[in-house]
Amino acid sequence: MAFQFKKESVVFRSDNAQVTGLKIWIEGELTIYDALELKGNFDEIFKQSNFILEIDLSKISKLDTSCLQILLALKKEARRKEFTIRFINHSHAVLKLIDLYGLTGFLRDKIKLQKEDLKEFSFQYGMGKD
């Protein structure tokens with residue numbers, strides 16, 4: 001199953017102000033075969049100059065390193081342009097790679113774990129104060 005990419009303009013509340021941003025939902029499998037299309041979708045969004053992006057990852061059933069690299073590049077580019085990008089509702093497939101590569105410190109996202117996931121993931125690497 002290929003992935004689906006949905007987006008919607010939303011208003012976020014930040015520091016007693018309202019800011020227009022974009023909420024994105026990604027659903028399905030993200031593999032190397034989808035990487036170019038995924039990157040193209042995000043390139044279009046960056047042209048629109050949204051300063052806040054919230055990306056829901058809850059429906060990602062499979063994620064490989066090539067698409068994870070695109071998400072990481074997106075986060076890095078957002079920091080460079082002083083945009084805010086939040087990954088929310090990380091699926092199990094996403095959590096596995098974040099934990100494997102020790103990316104919690106880089107991503108700085110709030111990660112919510114179910115009780116049954118607490119034993120599987122450590123999220124220790126990348127969290128030091130070095």
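Is phenylalanine 42 buried or exposed? In this predicted model, phenylalanine 42 counts as buried, with a relative accessibility of 2%. A search of the whole structure for aromatic pairs finds 2 of them, and the points below take up each pair before turning to charged side chains that sit over rings.

**The pair of phenylalanine 5 and phenylalanine 42**

- The ring centres of phenylalanine 5 and phenylalanine 42 lie 5.3 Å apart, and because their planes meet at 80°, the pair is edge-to-face.
- This pair joins distant parts of the chain, since phenylalanine 5 belongs to strand β1 (residues 4–14) while phenylalanine 42 belongs to helix α1 (residues 35–47), with their positions 37 residues apart.
- Phenylalanine 5 has a relative accessible area of 21% and is therefore partly exposed, whereas phenylalanine 42 is buried at 2%.

**The pair of phenylalanine 46 and phenylalanine 83**

- Phenylalanine 46 and phenylalanine 83 form a stacked aromatic pair, with 5.4 Å from centre to centre and 10° between the planes.
- Distant parts of the chain are linked here too, as phenylalanine 46 is in helix α1 and phenylalanine 83 is in the loop between α2 (65–80) and β4 (84–88), 37 residues apart.
- Phenylalanine 46 counts as buried at 11% relative accessibility, and phenylalanine 83 also counts as buried, at 12%.

**Charged side chains over rings**

- Lysine 75 places its charged end over the ring of phenylalanine 87, at 4.9 Å from the ring centre.
- Arginine 86 lies over the face of phenylalanine 12, where the distance to the ring centre is 5.1 Å.

How values were computed
Residues are numbered from 1 along each chain as its sequence is written. This is a predicted model: local features need pLDDT of at least 70, side-chain atom pairs count only at pLDDT 80 or more; totals for chains, interfaces and linings use all residues. Side-chain values use heavy atoms; hydrogens and water are left out. Rings of Phe, Tyr and Trp (its six-membered ring) pair if their centres lie within 6.5 Å; planes under 30 degrees apart count as stacked, over 60 as edge-to-face and the rest as tilted. Helices (H or I, at least four residues) and strands (E, at least two) are DSSP runs, numbered from the N terminus. Buried means under 20% relative accessible area, exposed over 50%, partly exposed in between (1.4 Å probe, protein chains only). A charge sits over a ring if NZ of Lys or CZ of Arg is within 6 Å of the ring centre and within 35 degrees of the ring normal.
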